[in-house]
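Please read the following with the sequence and the three-dimensional view side by side. The account moves from strands to aromatic rings, then to the core, the surface and the charged pairs.

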Amino acid sequence: MLCWPMFSSGHQGAILAALIPGLNIIKMLLLGLGMWRDDATVKSMSRFGDHRELLKGPLYYALTITYACAVYWRYSPISIGLICNLCAGDGIADIVGRRFGKQKLPYNKNKSFAGSIAMAIAGFLVSVGFLHYFSLFGYIQVSSKTVLGFLFMSLAAALVESHPLSSELDDNLTVPLTSVLVGSLVI
C-alpha cells in the first residue's frame, strides 16, 4: 500500500498494482500443489512444513490483498481497512497473543484477550495512518465517519478472528470478508 501512489490513476493502475500480490497466488498454487519445490518458502509460510498448507492461509492472504487492490484500490477506505486488519491487526494479534496471552477467551481457549485487543488496536491505528497517508495524495478525504468506520471494522475483524469457526475456515479469509462486509455497511 505504501507503493500505491507510484501507480497511475484509474483502473489500469489498480490492475497493474494487483499483479504484484497476484503473482504470489501463482506461487502459492505451484508450491502448494507440489509443482514447484522451494523448501525455504514452504518452511517460512507454513506451520508444520507441509507444502499443502500454502493452499489455505497463505493463498487466501494473497487472494484477498489482490482483490482489495484490484477492486477497491486506493480510493476506497474498504481496501485500507481490509488490508490493515489482515496484515497489521492479525499479524500483531499472533505476536502479542503468544507473548502476553495468558488469559484466554472464554469461548476460544486458543485465543487470548491480549491478542484480540492488540488486533483491534493495531488494525484501527494502521488503518487511520494509511487514511492520512492517502489523504496527502488526495485519494481519500479524512473524515470522522471514516475513522469511526475503521473502528467498527477493526472491532468486528478482531471478534470474528477470535471465534472458533475462524480457525476452521482460516482467519486469512474470515478477517477480510468481515472487513469488507462491515466496511460496506458503515463507511
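In this predicted model, strands β1 and β2 are joined by a hairpin that passes through two residues. The strands, covering residues 104–105 for β1 and residues 108–112 for β2, run antiparallel and are linked by two bridges. Within this pairing, K104 has S112 of β2 standing opposite.

Helix α5, which spans residues 113–136, leads to the aromatic residues. The number of aromatic pairs comes to 11. One of them is formed by F130 and Y133, whose ring centres lie 6.0 Å apart and whose planes meet at 90 degrees, so this pair is classed as edge-to-face. F130 and Y133 are three residues apart in helix α5, and therefore about one helical turn separates them. F130 has a relative accessibility of 16% and counts as buried, because the cut-off for that class is under 20%. Y133 also pairs with F134, and here the arrangement is tilted, with 5.5 Å from centre to centre and 45 degrees between the planes. F134 is buried as well, with a relative accessible area of 0%. These three residues belong to one aromatic cluster, in which W4, F7, W73, Y75, F137 and Y139 also take part.

Which residues touch the most other members of the largest nonpolar core? This core has 30 residues, and the ones with the most such contacts are M1, W4, W73, I80, I83, F134 and F150. At least two residues of the core come from each of the helices α1 (11–32), α3, α4 (77–100), α5, α6 (144–162) and α8 (171–186). Helix α4 gives the most, contributing six residues. F134 thus appears both among these core residues and in the aromatic cluster, as do W4 and W73.

Turning to nonpolar residues with more open surroundings, V71 is located in helix α3, which covers residues 57–72. V71 has a relative accessible area of 49% and is partly exposed, because exposed would require over 50%. Although V71 and A14 are 57 residues apart along the chain, their C-alpha atoms are separated by 7.7 Å. In helix α5 lies I121, which is partly exposed at 46% relative accessibility. Together with F113, I117 and L125, I121 makes a nonpolar surface patch of about 370 Å².

The charged side chains complete the picture, with four salt bridges in the structure. In one of them R98 meets D94, and the closest N and O atoms are 2.8 Å apart. Because R98 and D94 are four residues apart in helix α4, the separation between them is about one helical turn. R98 is exposed, with a relative accessible area of 63%, whereas D94 is partly exposed at 36% relative accessibility.

Another salt bridge joins the side chains of D39 and R37, with 3.0 Å from N to O. Here R37 counts as exposed at 67% relative accessibility, while D39 is partly exposed with a relative accessible area of 47%. The side chains of D50 and R52 likewise meet in a salt bridge, at 2.9 Å from N to O. D50 is partly exposed, with a relative accessible area of 25%, and R52 is exposed, with 52%.

Technical notes
Residues numbered from 1 in each chain as written. Predicted model: local features only at pLDDT ≥ 70, side-chain atom pairs only at ≥ 80, totals over all residues. Heavy atoms only, no water. Buried < 20%, exposed > 50% of the residue type's maximum accessible area, 1.4 Å probe, protein only. Patch = residues over 30% accessible without salt bridge, like charges linked within 9 Å, V, L, I, M, F, W, Y side chains within 5 Å. Areas by Shrake-Rupley, 256 points an atom, 1.4 Å probe, with all protein chains shown as cover. Pairing = 2+ DSSP bridges. Phe/Tyr/Trp six-rings, centres within 6.5 Å; stacked < 30°, edge-to-face > 60°. Core = buried A, V, L, I, M, F, W, Y, C linked by side-chain atoms within 4.5 Å.
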